[in-house]
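Reader: I would like to see how the terms used for this model are justified. Please take them one at a time.

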Amino acid sequence: MNEVTSDSMLSFVTNTLCCEVGTSVPRTMPRVVPDQRSTFENEELFRKLSRECEVKYTGFRDRPPEERQLRFQTECREGHAALAFVCTGTNLELGFSSNAWSDKDEDRVTTREFVDFDRESGKVHLKSQFILNGVCVIWKGWVDLHRLDGVACLEFDSERAEVEAAMLRDQIEQYNRRLREFEERQRQYRQQQERQAEQEAEVVEALLCIAEEGKH
């Protein structure tokens, strides 16, 4: 039978603890950067897109113009469309619905606030909320229903940014708490091993003393 040494047992327990912390700590990547407003105000992409830029509908490019016009209007009423900022080539699959952050489909409803065909004749005014490069933003603009191009810009979504920042802080705190718990379990295990080693040393010393006395 193979002998299991204390060193190998320590290695096994340590590896087990490492696996435990690895699986118990959530590994979900943060959805936002720590300082969203600063990123929005200083990053070159956001600086460009925060000004009004030309946008174009990019869906169904291989179809005839009349079909693309119909498909675009249908998609808008369904609450989505692919639109690109011409100045940067940034192509976005936008969703036009309230409660865009909800995980439930029934909560995400396309309302006039997000898709408005009545504000101007021949145009549709659109609004979309999403996270781009770790920053909460609002896409606002309009598209000509015949040419399928228009003007739009990005705004910083301060209200949603606060919600996401709070979620990020909670996620970091949860990770740090579990890491502290893991380190505490490791410390307790090391102390237990040290006490056990001391007890074993005392037993060995006592046995040696008894053996020496037996010789005399």
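Author: A residue is called buried when its relative accessible area is under 20%. By that cut-off, buried residues make up 33% of the 216 residues in the chain. The model is a predicted one.

Reader: What elements does the chain hold, and how do they run from the N terminus on?

Author: The chain has five helices and seven strands. Their order is α-α-α-β-α-β-β-β-β-β-β-α.

Reader: Why is Leu-207 called exposed?

Author: Exposed requires a relative accessible area over 50%. Leu-207 has 53%, so the residue is classed as exposed. Leu-207 lies in helix α5, residues 158-215.

Reader: What makes the nonpolar surface patch that includes Leu-207?

Author: Val-203, Leu-207 and Ile-210 make the patch, which covers about 300 Å². For nonpolar side chains, joining within 5 Å is the criterion. As for the surface of the chain, about 14,400 Å² is exposed, and carbon and sulfur atoms supply 50% of that area.

Reader: Why is strand β7 said to be largely enclosed by the rest of the structure?

Author: Strand β7 spans residues 149-156, and six of its eight residues are buried, so the description follows.

Reader: How do you know that β7 pairs with β1 and with β6?

Author: Pairing needs at least two bridges between two strands. Strand β1 (residues 53-57) is joined to β7 by four bridges, so the two count as paired; they run antiparallel. In this pairing Cys-53 is opposite Ala-152 of β7. Strand β6 (residues 135-144) has seven bridges to β7, so that pair also meets the criterion, and it too is antiparallel. There, Lys-140 has Cys-153 of β7 as its bridge partner.

Reader: Which residue in the hairpin of β6 and β7 takes a positive phi?

Author: Leu-148 does, with a phi near 65°; the hairpin has four residues between its strands.

Reader: Which residues touch the most other members of the largest nonpolar core?

Author: The core has 34 residues, and the ones touching the most other members are Phe-72, Leu-83, Phe-85, Phe-96, Leu-126, Trp-139 and Leu-154. Strand β6 gives the largest share of this core, five residues.

Reader: What is Phe-96 in contact with, leaving aside its neighbours within four places in sequence?

Author: Contact means heavy atoms within 4.5 Å. The partners of Phe-96 beyond those neighbours include Cys-76, Leu-83, Phe-114, Val-115 and Leu-126. Across the chain, 55% of the contacts with a separation of 6 or more are between residues 24 or more positions apart.

Technical notes
Residues numbered from 1 in each chain as written. Predicted model: local features only at pLDDT ≥ 70, side-chain atom pairs only at ≥ 80, totals over all residues. Heavy atoms only, no water. Buried < 20%, exposed > 50% of the residue type's maximum accessible area, 1.4 Å probe, protein only. Areas by Shrake-Rupley, 256 points an atom, 1.4 Å probe, with all protein chains shown as cover. Patch = residues over 30% accessible without salt bridge, like charges linked within 9 Å, V, L, I, M, F, W, Y side chains within 5 Å. Salt bridge = Lys/Arg side-chain N within 4 Å of Asp/Glu carboxyl O. Core = buried A, V, L, I, M, F, W, Y, C linked by side-chain atoms within 4.5 Å.
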